[in-house]
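Reader: I should like a close look at a single part of this model. Please set it in context as well.

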Amino acid sequence: SYPSYLYECHNFGNTEDTVVYEWLKYYQLLAGVEWSVGAVLTKIENMGVLDSTLIIFTSDNGYFFGEHRLHMKLLAYEESMHVPLFIRYPPWFAPGTIVENEIAANIDIASTLLEAAGIPDNFQMDGTSLHTLANGTTHRQYLFFEHIPHTGVSWEAVRSLRYKYIYHFCNNQTEEFFDLLYDSGENTNLIFDPAYEVLIDKYRFLRDSL
């Protein structure tokens with residue numbers, strides 16, 4: 001119930017010791033990032049423009065360190081799909097604001113910057129301003145997520161707040177469907193579960209239409 005290329009291309013053959021070593025390198029790297037971000041924020045604050053500066057903190061796609069016994073990224077599972085997103089901009093967001101009922105994406109950053117700069121978004125971008133998502137002016141129920149052919153990996157996915165549908169371009173039709181409310185670790189593929197048949201057909205249509 002999963003595509004064969006997962007373990008041909010992404011098999012995680014490391015030991016417990018190598019996992020610890022890989023994570024140690026990441027934490028060492030992040031220590032440098034944390035110091036650098038602190039230095040930048042201190043400089044902006046000393047300039048007296050901290051509260052009028054839009055700060056967005058995010059990252060590249062996530063990396064597998066043995067989850068699902070996989071390595072690298074490029075896949076549609078949560079560990080790779082999710083990225084951190086922190087914004088500091090007092091004119092828009094009160095401190096401690098958390099938005100959990102909308103789907104944000106990296107395609108939204110450009111539109112967000114345009115709104116903050118007072119420039120009309122007339123460029124037909126795929127994204128929308130994170131400000132409008134947070135205040136309820138706009139909504140995103142579904143996100144279309146894809147990866148073009150690379151190292152034997154090619155797929156398209158649709159993610160909502162609760163469900164995820166993945167279509168893998170294999171020799172035979174290979175699909176995955178997860179109910180993230182009950183299976184946040186994406187351990188059980190429901191694609192052949194008759195209880196989800198109607199819902200799965202809806203997500204097949206969404207994948208095609210989106």
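Reader: Why does Glu 186 count as buried?

Author: Glu 186 counts as buried because its relative accessibility is 3%, where buried means under 20% relative accessible area, exposed over 50% and partly exposed in between, with a 1.4 Å probe and protein chains only. This is a predicted model, in which local features need pLDDT of at least 70 and side-chain atom pairs count only at pLDDT 80 or more, while totals for chains, interfaces and linings use all residues. Residues are numbered from 1 along each chain as its sequence is written, and side-chain values use heavy atoms, with hydrogens and water left out.

Glu 186 sits in the loop that joins β8 (174-179) to α6 (197-209); helices (H or I, at least four residues) and strands (E, at least two) are DSSP runs, numbered from the N terminus. From this loop, the side chain of Glu 186 reaches the backbone nitrogen of Glu 78 at 2.8 Å. Leaving aside residues up to four places away in sequence, Glu 186 also touches His 68, Ala 76, Tyr 77, Glu 79, Lys 164, Phe 178 and Leu 180, among others, a contact being heavy atoms within 4.5 Å.

As for the wider setting, the protein has six helices and eight strands. Of its 210 residues, 34% count as buried. Among contacts with a separation of 6 or more, 52% are between residues 24 or more positions apart. The C-alpha atoms fill a box of roughly 60 × 45 × 30 Å, taken along the principal axes.

Methods: A polar contact is a pair of N or O atoms within 3.5 Å; within protein, one must be able to donate a hydrogen and the other to accept it, and residues adjacent in sequence count only if both atoms are side-chain atoms.
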